[in-house]
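Please report on the side-chain contacts in this protein chain. Cover cysteines, charged pairs, aromatic rings and nonpolar cores.

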Amino acid sequence: MQSFLQRSAQYIFEKHGTRMDNVWVILPTRRAVTTFQQELARQSDQPFLSPHALAVDDFIMQAAGVQLIDPVSLLFELYEVFRELDEALEFGRFMNWATILLNDLDRIDQYRINPSELFSYLSAAKAIERWRLDLPAGKMPNVETAGTKKYFKLFDNLQAAYFTLRERLEAKGMAYRGMAYRMLADNIEGFVRDNPAYEKLYFVGFNALSRSEEDVVRTLVKAQKAEMLWDSDAYYMKSRRQEAGRLLRRYKEEAWSGPWNWEEEALTAPKHMSIIGVPNASMQAKVAGHLYEEWNREKAPDDTTQTALVLGDETLLLPVLYSLGESVSELNVTMGLSLRNSMLFTLIDALFEMQRTIAEFRTKEGEVVRVPKFNHRHVTKVLSHPFIRQYEQAFLPEKDPETPTLLRRVMHKIRTENRVYLSETDLIEMGENTELFGVLFRRWRPEKPLDIVHQFYKLIDLLSQVYANQPDAIETEYLFLFQNLLHQLETTLERDDRRELIDIRSFKQFLYELIRQTSIPFESEGASALQVMGMLETRALDFDRLIILSVNEGVLPQSRHLNSLIPFDACVEVGLPTYQDQESVMAYHFYRLLQRAREVVLLYVTSPDAYGTSKGEPSRFIRQIEHELKQKASNSLTISYPIVRFGSPEPAPLPVPEPLPTVEADNLVIPKSDSVLAELRSMLEARVEEKNGKIRVRGGLYPTHLNYFVSCSLRYYFSRVIQVKEDDEVEEQLGADEFGTWVHAVLEHLDVDYRMKGEPVDEAVIRKVLEEQYTVLFGKRERDAGMNFLLYNIAEKLLLDFHRKQETDYNGSLEVLQTEQEWDTILDVPTAQGVIRVRIAGKIDRVEKLTKNGRAIIRVADYKTGKVDKKQVKTGGTDDLLNNSEFDKTRQLWLYEYLVYKKLVQEGVLTFNGWTAGPDTAVEAGFYSFRNLPEGFIRNTVSLGTAADYVAQTEALLRQKIAELFDPEKPFTRTEDKKVCEFCDYKRICGR
């Protein structure tokens, strides 16, 4: 089938032959211009001068005799206009609405709206808002606030700003796009109609004409100097319900363009469509790449079929390019890649985020001080950026591959030292004074935005070295484009009257807006078999095969949203386009693209989170094809719904040396394989290790581990056997475990350094040790602000209350014998794997000597910073010690008491710091609960008789439970008690 531009070229050539010196052909896009010239060249086997073929924007600028102003200069021109009207206007506040206003001014001019009428309408509407009609009759309206006054003043100044801006730009021979359109429409007779250089004009492939464009074309057609070549189809031209033809039907009915050239029946010609739903947006790129690779493989060498890969969501450009296989050697990318969607922008954004961090600290006097320091999260984000990692690989490599790189060392130090806030000096020192760290972490002066520009220059210089030997790297284009943008900004900001206007916040707004408007152009071969483009770039072009991505409601067409200061009713009143016009324009582009295609693939995303408002819904265009176009096309249109499957259809079987985890009755089951049993044995048997010249005994069964196994054997598997742990992270505030560790450390040092040496302990000593241990454990972590400030005061109160309680209750009858020591014993356990020598161990917080009625008692004490009461250490019998998950605290005290009794039975006596306990000395274990101090020492209630009986019965119970642990017939399974899962770290792994 003949393409539209082929037909247009043939038509124009037949009219003018090879004499086209003063013929002008105006097309929607520059890509269409290139294709038209190629088609026109094919009309003759002799060389001839091409007509003046231009994209419509280029034609308007040239005919109007003005130069398009760049976005930076335009924003400052508008700001200076508003400053003349309102001297108090701040640049940061101006940037909040400046770009929206410029878009509105562009539309106002393109549609030749009477500005006085529109702005008067807006001022009146805003005045009505101020009446407060919602107040009861007779009530005075509220006095306007400073914010509302500024808001309404903006609308009062719009008309004056519009005319002043036009005057300033006209005086400089500059214009924004809409202004140039209006200038040409206002003076079309002098600029074009009566100009002999414009002998004949052809407007080719247009659909939705703005009022300015329509007035230009009407005038020229009426003067018989112009002709319209329409590209339309009977499907949407004859149906009043089909939105794609809404504007074209009006143009045809008004008949101002003369004979209607042309209307075809191409949409109902034979074609095949595939409609494919995929789970997420990026997967579309994989499917599209696979489809094109299949088509390419089947294509004959002399096949000239052209394929377009059209992106409804243009952010998918990079995923699409990376998804095309190596077999795709030639392609043409018509669209640009927005700098806003580049990897470089993510680095820029991370640097701005890092620089705005201010840490608040509270002095001892209660004053809040704001100090500029970098937050660890932002620092880690910057150091983890791909651009920075590439620089590290190129210029900061380690000679020894086993040695961590500089960036990894810095991040490890931040994590291990828990450095929440870091100063510029801290980071540069950590980075060993390398140039990279000096550029990344130099503090920006808030009032000097040019400092930021210069720092970015240095960063670009560093990063560009990485890609110096990769001339085709897209990263080089990012850096080059950003550098040009910075030059433009620097030139604009260096003017004395502008330098002081901008702070970091408004500079960021300004820079981000420019980045949003900036795209990386791609240069490639226009005649390539594969064209990658956005929907707007397809105007007037035809392709044999199409793959269209993101055909979701809310994307094609876009959601009903106009980012404008002009409300919907005002747009309707004065004749500005609304979202209805946008939808009909997009519908036309979509159906026009399908007209001459033989094979079409429409991809959409099924996930409800993919495109926000779409809820995973296919576009209405898909529904129209299924229910309307299919009916009109009868048997000439076939539709299929392929299902996307990933992976090999028949994967090769893998060897399974050991039983694998299974799911039985909605429960995860982990078999005890030989390797698991071997690991269990290794963990529970005692092993001797040497570290830093010290001999340590490791391994064994601790009370916490036994509690894990009793409450949920699967939890024991995750925590002990395969040792699943969360990644170490920097904590800004103290966690519950850290708080407990800190309180334990304070109590240990009070006992070891004072009480056990006979030194007095008073409240001043407690406060001193508390502060010392905070510094030792948490380094420079802020303690005088936020949650840490509260936790510090809570810890101080708890320790002072505990000290007072001990003084009151015991009055010198309690003596500390030992603190924070590990006790252990060896227990021979017969199992299915043979006899295993299991080490039973526990770290006891404090061993005390209590003299009661002239008799000494050994007390084993465990500190709990959480709440414990007497109910939690009661038990109905020994069965509870092995099978009931509610008695984890009882089990802990039971094992502590057992360890002391076992040592006493084995050795006959126990000696502590000069005092000897005999074989008949009573032992009791209990808790000090810091959230329940009034209860005092909460004792273990397990009673098993004499010391020998206690040891014998405990060991019988332990042998029974340990044998169960080593029983290969009893796999690790999830507990049925869901209360256990409430605070479990592994509940998401096991499915709870």
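Is Cys712 buried or exposed? Cys712 is buried, with a relative accessible area of 9%. Buried means under 20% relative accessible area, exposed means over 50%, and partly exposed lies in between (1.4 Å probe, protein chains only).

This is a predicted model: local features need pLDDT of at least 70, side-chain atom pairs count only at pLDDT 80 or more, and totals for chains, interfaces and linings use all residues. Residues are numbered from 1 along each chain as its sequence is written, and side-chain values use heavy atoms, with hydrogens and water left out.

**Cysteines**

A search of the whole structure turns up zero disulfides. A disulfide here is a pair of cysteine sulfur atoms within 2.5 Å. Cys712 is in no disulfide; its nearest cysteine sulfur belongs to Cys981, 6.1 Å away. Cys984 is in no disulfide either, and the nearest cysteine sulfur, again that of Cys981, is 6.3 Å away. Cys984 counts as buried at 13% relative accessibility.

Helix α29 covers residues 703-711. Helices (H or I, at least four residues) and strands (E, at least two) are DSSP runs, numbered from the N terminus. Seven of the nine residues of α29 are buried. Among them are His705, Leu706, Phe709 and Val710.

**Salt bridges**

Side chains of opposite charge can pair when their charged atoms come close. A salt bridge is a side-chain nitrogen of Lys or Arg within 4 Å of a carboxyl oxygen of Asp or Glu. The count comes to 66 salt bridges. Three examples follow.

| Acid | Base | N to O distance |
|---|---|---|
| Glu77 | Arg168 | 2.9 Å |
| Asp231 | Arg596 | 2.8 Å |
| Asp581 | Arg246 | 2.7 Å |

Glu77 and Arg168 form a salt bridge. Glu77 lies in helix α4 (residues 71-85) and Arg168 in helix α7 (residues 146-171), so the pair ties together parts 91 residues apart in sequence. Glu77 counts as buried, at 5% relative accessibility.

Asp231 and Arg596 meet in a salt bridge as well. Asp231 lies in the loop between β6 (226-229) and β7 (232-233), and Arg596 in the loop between α26 (579-594) and β20 (599-605), so the pair ties together parts 365 residues apart in sequence. Asp231 and Arg596 are both buried. A network of salt bridges links Arg7, Asp231, Glu264, Asp542, Arg592 and Arg596.

The third salt bridge joins Asp581 and Arg246. This pair links distant parts of the chain: Asp581 is in helix α26 and Arg246 in helix α12 (residues 246-254), 335 residues apart. Arg246 is partly exposed, with a relative accessible area of 35%. The buried residues of α12 are Leu247, Leu248, Arg249 and Tyr251. What covers them includes α10 (211-222), β7, α11 (234-237) and α26, by contact (heavy atoms within 4.5 Å). Ala255 follows α12 and has a positive phi, near 60 degrees.

**Aromatic rings**

Rings of Phe, Tyr and Trp (its six-membered ring) pair if their centres lie within 6.5 Å; planes under 30 degrees apart count as stacked, over 60 as edge-to-face and the rest as tilted. The structure holds 60 aromatic pairs. Trp742 and Tyr792 form a tilted pair, 5.3 Å centre to centre, with 35 degrees between the planes. Trp742 lies in helix α31 (residues 736-753) and Tyr792 in helix α33 (residues 786-810), so the pair ties together parts 50 residues apart in sequence. Trp742 and Tyr792 are both buried.

The rings of Phe802 and Phe930 have centres 5.0 Å apart and planes at 45 degrees, so this pair is tilted. Phe802 lies in helix α33 and Phe930 in the loop between β31 (922-929) and β32 (937-939), so the pair ties together parts 128 residues apart in sequence. Phe802 and Phe930 are both buried.

One aromatic cluster is formed by Phe76, Tyr79, Phe82, Phe91, Phe94, Trp97 and Phe510.

**Nonpolar cores**

A nonpolar core is a set of buried Ala, Val, Leu, Ile, Met, Phe, Trp, Tyr and Cys residues joined through side-chain atoms within 4.5 Å. The largest nonpolar core has 217 residues, of which Phe59, Phe456, Leu511 and Ile548 touch the most other members. Apart from that core lies another, of 64 residues, among them Leu668, Val900, Phe912 and Phe972.
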